[in-house]
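Here are my notes on the model you sent, set out as numbered points. They concern the fold, the packing and a few individual residues.

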Amino acid sequence: YVYLATERVYAIPENIYALLLSPEMRALAAAGTPIYAGNRMVADIPVHHVNPEKAQSNLGVPYINLGSGVLLSSTTIRLLGILLENGQCADGALTSSPDLLLAQCLATTGVTPRDTSDVLGEDRFHP
């Protein structure tokens, strides 16, 4: 895993470990499912898909706010590397915001932000 955060983020590593050790996250990791997690927000920008059959436009695009940090699994990082190497992320960029660009790029393969709320429905990541 990689946890990306700005210099303004205060993170408690033990809380991130607890999330990663949860049964749901362990099952996703064991299955090789890409994990893209953090404070899930929604932006109103069009979605660009490489596959025209999946094209959607002017829908709320879920993304992870970099202000709270972004958690990526090794599977997600490998996938992102392939997308970047093939120029699929730069194609049709709709914003210059890094967190939205990441979401847009991962969305081209169906990877969307994971809900990371706790058992009480509270956010684990705060901007």
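1. Contact, as used in these notes, means heavy atoms within 4.5 Å. The model is a predicted one. With that meaning of contact, Asp99 touches Tyr36, Tyr63, Ile64, Asn65 and Leu66, once residues up to four places away in sequence are set aside. Asp99 belongs to helix α4. Its relative accessibility is 11%, and Asp99 therefore counts as buried, the limit being under 20%.

2. Overall make-up. The protein chain has four helices and five strands. Read from the N terminus, the order of elements is β-α-α-β-β-β-β-α-α. Of its 127 residues, 35% count as buried. The chain exposes about 7,500 Å², and carbon and sulfur atoms supply 54% of that area. Among contacts with a separation of 6 or more, 69% are between residues 24 or more positions apart.

3. Helix α4. This helix covers residues 98-107, and eight of its ten residues are buried, so the rest of the structure largely encloses it. The buried residues are Asp99, Leu100, Leu102, Ala103, Gln104, Cys105, Leu106 and Ala107. The list includes polar residues such as Asp99 and Gln104, and the surroundings of Asp99 are those given in point 1.

4. The largest nonpolar core. Which of its 15 residues touch the most other members? They are Tyr36, Tyr63, Val70, Leu80, Leu102 and Leu106. At least two residues of this core come from each of β4 (60-64), β5 (70-72), α3 (74-85) and α4. Helix α4 gives the largest share, five residues. Leu102 is in contact with Tyr36, Val70 and Leu80, leaving out residues up to four places away in sequence. Another core, of nine residues, lies apart from this one; Ile16, Leu19, Met25 and Leu71 are among its members. As background, nonpolar side chains tend to be buried together in soluble globular proteins.

5. The disulfide. How many disulfides does the rule give? The count comes to one. Cys89 and Cys105 form it, with their sulfur atoms 1.5 Å apart. The pair joins distant parts of the chain, 16 residues apart: Cys89 sits in the loop between α3 and α4, while Cys105 is in helix α4. Are these two cysteines buried or exposed? Cys89 has a relative accessibility of 12% and counts as buried because the limit is under 20%. Cys105, at 3%, is buried as well.

6. Asn39. This residue is found in the loop between β2 (36-38) and β3 (40-44). Although it is in a loop, Asn39 counts as buried, at 6% relative accessibility. Neighbours within four places aside, Asn39 is in contact with Tyr63, Ile64, Asn65, Ser68, Gly69, Asp123, Phe125, His126 and Pro127. Tyr63, Ile64 and Asn65 are also among the residues that Asp99 touches.

7. Gly67. Where in the chain is Gly67 found? It is in the loop between β4 and β5. At 34% relative accessibility, Gly67 counts as partly exposed, because that value falls between the 20% and 50% limits. Without its neighbours within four places in sequence, Gly67 is in contact with Val9, His126 and Pro127. His126 and Pro127 are also in contact with Asn39. Two C-alpha distances place Gly67 further. Glu7 is 60 residues from Gly67 in sequence and 9.4 Å from it in space. Asp99 is 32 residues away along the chain, with a C-alpha separation of 9.1 Å.

8. Surface patch. Val2, Leu4 and Ile77 form a nonpolar patch on the surface, and together they have about 190 Å² of accessible area. Val2 lies in strand β1 (residues 2-4). Its relative accessible area is 33%, and Val2 is therefore partly exposed.

Terms used. Residues numbered from 1 in each chain as written. Predicted model: local features only at pLDDT ≥ 70, side-chain atom pairs only at ≥ 80, totals over all residues. Heavy atoms only, no water. Buried < 20%, exposed > 50% of the residue type's maximum accessible area, 1.4 Å probe, protein only. Patch = residues over 30% accessible without salt bridge, like charges linked within 9 Å, V, L, I, M, F, W, Y side chains within 5 Å. Areas by Shrake-Rupley, 256 points an atom, 1.4 Å probe, with all protein chains shown as cover. Salt bridge = Lys/Arg side-chain N within 4 Å of Asp/Glu carboxyl O. Core = buried A, V, L, I, M, F, W, Y, C linked by side-chain atoms within 4.5 Å. Disulfide = S-S within 2.5 Å.
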